[in-house]
Amino acid sequence: MKTRGVLIAGNWKMNFTLRETGEFFAKVKGDAAKALPASASSAFATGRLRACVIPPMLSLGRAMEAAREAAFPIAVAAQNAHWEKKGAFTGELSGPMLQELGISWVLNGHSERRQYFGETDETVRKRTESLLEQGFRVILCIGETREEREKGRTTEVLTRQLSGALPEAGKGAAKFLDGRLVIAYEPVWAIGTGLTATPAQAEEAHATLRKLLTDRFGSEAASHTPLLYGGSVTPENADSLLACPNVDGALVGGASLKPESFLALLAAGARACAQS
Ligand code: PGA
């Protein structure tokens, strides 16, 4: 039973110019009717199936315009935002700038931000706190490296990253009760490598995360928190991953860049919703 529905989020990373952004949306709109099963329209209408794209900063405005004209609801998320609302932070963008564009979703703590741009559990936590406070929906990414998995340290790493990225229960628990916080489990060894966690590995990690959230915030808050799997998700493996009880959607990089495979992933999401 998909009690939290299914969210398919496409992380475009540093891909697509403004022109390509327009072309992507046009193709998705043109092909939606034939690519999606009949059950998709009611799943979108009830909010059980949700679509999201995460374009680079420069394309956010164009993506928002195109999303307003789309054949089905498509949320637009920013790949990053600073925790301060304004100030001397060259190269950053802030929550109020996104809000003016109508953007209410932000990705946070992606492993590429951690690996290449010095993000730490501490900066990720500051962003989680501030953005939730400002009313955003936050997709918080965590996941172990290959070495950590091979050494049997997966649970330890997930525990550290999750608790390091969330405010203390006493300080901010109420903010998590409404489903605005989404956690993406993305094993680093599976990102962009073509290696995917098996459904059993994904479910095991997600069940661990659900328990950590329950211990910290109670079962009600934990049961409202969607848990996405990310790491080489494709139309071919999406059905088996989305069939896992604790997998509430997917965060997809490479396979989300082709309109036809983005639609195929949404079709898998619609099938998962219909089965429950
Ligand atoms: P991938 O990327 O689907 O290309 O592995 C996933 C991600 O980094 O979010």
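Strands S1 (residues 6-11) and S2 run parallel and are joined by 6 bridges. That pairing is a handy way into this predicted model. From there, S2 leads on to a β-α-β unit with helix H3 and strand S3, and further along there's a ligand with 13 residues around it.

**Strands around S2**

- S2 covers residues 49-54, and 5 of its 6 residues are buried, so call it mostly covered.
- On the S1 side, Cys52 of S2 sits opposite Ala9.
- S2 also pairs with S3 (residues 74-78): the two run parallel, with 3 bridges between them.
- One pair to look up there is Ala51 with its bridge partner in S3, Ile74.
- Put S2, H3 (residues 60-68) and S3 together and you get a β-α-β unit that is right-handed.

**Helix H3, inside and out**

- Leu60, Ala63, Met64, Ala66 and Ala67 are the buried residues of H3.
- Looking down the axis of H3, those buried residues fall within an arc of 165 degrees, so they line one face of the helix.
- As background, an α-helix has 3.6 residues a turn, so residues three or four places apart point the same way.
- Turned away from the buried side of H3 is a face that carries Glu65 and Arg68, both exposed.
- The cover over the buried residues of H3 includes helix H1 (18-35), S3 and helix H4 (95-101).

**Around the ligand**

- Of the 13 residues that surround the ligand, the closest are Lys13, His110, Glu186, Gly192 and Ser232.
- Glu186 uses its side chain: an N or O atom there is 2.7 Å from an oxygen atom of the ligand.
- Ser232 comes in with its backbone instead, where an N or O atom lies 2.7 Å from a ligand oxygen.
- Gly254 has a polar backbone atom 2.9 Å from an oxygen atom of the ligand.

**Two positive phi values**

- Most residues other than glycine have a negative phi.
- Lys13 isn't a glycine, yet its phi is positive, at about 55 degrees; you'll find Lys13 in the loop between S1 and H1.
- Ser232 is another non-glycine residue with a positive phi, near 55 degrees.
- Ser232 belongs to the loop between strand S7 (227-230) and helix H12 (238-242).
- With a relative accessible area of 17%, Ser232 is buried, because the cut-off is under 20%.

**Arg4, a buried arginine**

- Arg4 is in the segment before S1.
- Its relative accessibility is 18%, so Arg4 counts as buried.
- The Arg4 side chain reaches the backbone oxygen of Ser223 at 3.0 Å.
- Leaving out neighbours within four places in sequence, Arg4 is in contact with Arg210, Ser223, His224, Thr225, Pro226, Pro245, Asn246 and Asp248.

**Gly109, in the loop after S4**

- Gly109 sits in the loop between strand S4 (105-108) and helix H5 (111-116).
- Gly109 is buried, with a relative accessible area of 5%.
- Not counting residues up to four places away in sequence, Gly109 touches Arg114, Val124 and Cys141.
- Gly109 and Ala165 are 56 residues apart along the chain, and their C-alpha atoms are separated by 8.6 Å.

Methods:
Residues numbered from 1 in each chain as written. Predicted model: local features only at pLDDT ≥ 70, side-chain atom pairs only at ≥ 80, totals over all residues. Heavy atoms only, no water. Buried < 20%, exposed > 50% of the residue type's maximum accessible area, 1.4 Å probe, protein only. Helix = DSSP H or I, 4+ residues; strand = E, 2+ residues; numbered from the N terminus. Pairing = 2+ DSSP bridges. Right-handed = clockwise from strand over helix to strand, strands pointing away. Arc of directions from axis to C-beta. Contact = heavy atoms within 4.5 Å. Near = heavy atom within 4 Å. Polar contact = N/O pair within 3.5 Å; in protein donor to acceptor, adjacent residues only side chain to side chain.
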